[in-house]
Amino acid sequence: MVFTRPDGKPINPERLLHTLRRRSAEIGLPQIGLHDLRHTAATIMISSQVPLAVVSKTLRHSTLATTVNIYGHLLPQAAREAVTALADALDRADLPREIN
């Protein structure tokens, strides 16, 4: 359970949503749903470079492909960084080496 009462019992989802929306309004945030929090958590994990397999298991997706299909649009930055790292390594490999 992600959200529980103090005694560990589940919280009624409608009550939780009502509380989320009320508290969001109190501090001037736009109205969001509980699923939006799930997407926010996934986005934070991916942008923090948590391995995609870990993100997938945390979200309890049945397959890694599900995670990639939903959040794959967040991966281009990681792909750019990988290509840059590879290019840097190849550039260093092209440098003349000292012969001992």
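In this predicted model, H61 is in contact with R38, S56, T66, T67, I70 and Y71, leaving aside its neighbours within four places in sequence. The residue sits in the loop between α3 and α4. H61 has a relative accessible area of 15%. The cut-off for burial is under 20%, so H61 counts as buried.

One partner of H61 is T67. T67 belongs to helix α4, which covers residues 64–71. Its relative accessible area is 0%, and T67 is therefore buried. Beyond four places in sequence, T67 contacts L52, V55, S56, H61 and G72. S56 thus appears in both contact sets: S56 is listed for H61, and S56 is listed for T67.

Two contacts of T67, L52 and V55, are also members of the largest nonpolar core. Y71, a contact of H61, belongs to that core as well. The core has seven residues. Its other members are A42, M45, I46 and L59. Helices α2 (34–47) and α3 (52–58) are the elements that give two or more residues to the core. The largest share, three residues, comes from α2. Within the core, A42 touches L59 and Y71, with residues up to four places away in sequence not counted. Such grouping has a general background: in soluble globular proteins, nonpolar side chains tend to be buried together.

At the level of the whole chain, the secondary structure consists of five helices and zero strands. Their order along the sequence is α-α-α-α-α. The chain is more spread out than a compact globule, because its radius of gyration is 21 Å, well over the 13 Å that the globule rule gives for 100 residues. The C-alpha trace spans about 70 × 30 × 25 Å along its principal axes.

Burial and contact range were also computed for the chain. Of its 100 residues, 14% count as buried. H61 and T67 are among the buried residues. Contacts between residues at least 6 apart in sequence were sorted by separation. Of these, 18% join residues at least 24 apart.

The surface and charges complete the description. The chain exposes about 8,200 Å². Carbon and sulfur atoms supply 60% of that area. There are 12 positive and 9 negative side chains. The centres of the two charge sets lie 15 Å apart.

Methods:
Residues are numbered from 1 along each chain as its sequence is written. This is a predicted model: local features need pLDDT of at least 70, side-chain atom pairs count only at pLDDT 80 or more; totals for chains, interfaces and linings use all residues. Side-chain values use heavy atoms; hydrogens and water are left out. Helices (H or I, at least four residues) and strands (E, at least two) are DSSP runs, numbered from the N terminus. The radius of gyration is taken over C-alpha atoms; the globule rule is 2.2 Å times the number of residues to the power 0.38. Buried means under 20% relative accessible area, exposed over 50%, partly exposed in between (1.4 Å probe, protein chains only). Contact means heavy atoms within 4.5 Å. Accessible areas come from the Shrake-Rupley method with a 1.4 Å probe; for residues, only the protein chains shown count as cover. Lys and Arg count as positive and Asp and Glu as negative; His and the chain ends are not counted. The place of a charge is taken as NZ of Lys, CZ of Arg, CG of Asp or CD of Glu. A nonpolar core is a set of buried Ala, Val, Leu, Ile, Met, Phe, Trp, Tyr and Cys residues joined through side-chain atoms within 4.5 Å.
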